[in-house]
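Biologist: Hello! Could you walk me through this structure?

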Amino acid sequence: SSVFIDASGERQIVNFRDMGMSFDADWLTPMLPVDFDAALCDTRWPQGGPAILNAARKLGVPAVVDAEAPIREAMDTLR
């Protein structure tokens, strides 16, 4: 994603989802910090959401899911 911010602070977010790109998240868990204050994920990376949410749960920190389309592919994140 790219975020464009103009001089008055208005922003526009442009993203591109490459379906040819690997969605695998096995590399993510070992790279997560030992501790963090909060977690944010969205439904655009269905395999990454559960990894970060599980890490947040283990640490007892708040987590937020930006749930937007595609939802069907991210049911594990929403659970």
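Modeller: Happy to; what follows is a short round of questions and answers.

Modeller: This is a predicted model, in which local features need pLDDT of at least 70 and side-chain atom pairs count only at pLDDT 80 or more, while totals for chains, interfaces and linings use all residues. Residues are numbered from 1 along each chain as its sequence is written, and side-chain values use heavy atoms, with hydrogens and water left out.

Biologist: How many salt bridges does a search of the whole structure find?

Modeller: A salt bridge here is a side-chain nitrogen of Lys or Arg within 4 Å of a carboxyl oxygen of Asp or Glu. D76 and R79 form one, with the closest N and O atoms 3.4 Å apart. Searching the whole structure gives a total of 2.

Biologist: Which residue meets the side chain of E68 in a salt bridge, and how many residues apart in sequence are the parts that the pair ties together?

Modeller: The partner of E68 is R44, at 2.8 Å from N to O. Helices (H or I, at least four residues) and strands (E, at least two) are DSSP runs, numbered from the N terminus. E68 sits in the loop between β4 (63-66) and α3 (75-78) and R44 in the loop between β3 (39-42) and α2 (48-59), so the parts tied together are 24 residues apart.

Biologist: Are D76 and R79 buried or exposed?

Modeller: Buried means under 20% relative accessible area, exposed over 50%, and partly exposed in between, using a 1.4 Å probe and protein chains only. E68, at 30%, counts as partly exposed, and R44 is also partly exposed at 29%. D76 and R79 are both exposed.

Biologist: Which element supplies the largest share of the largest nonpolar core?

Modeller: A nonpolar core is a set of buried Ala, Val, Leu, Ile, Met, Phe, Trp, Tyr and Cys residues joined through side-chain atoms within 4.5 Å. The largest one has 11 residues, including L28, F36 and A51. β3 and α2 each supply at least two residues of this core. The largest share, 5 residues, comes from α2.

Biologist: What separation do the C-alpha atoms of L28 and A51 have?

Modeller: L28 is in helix α1 (residues 28-31) and is buried, at 12% relative accessible area. Leaving aside neighbours within four places in sequence, L28 is in contact (heavy atoms within 4.5 Å) with W45, G48 and A51. L28 and A51 are 23 residues apart along the chain, and their C-alpha atoms are separated by 7.2 Å.
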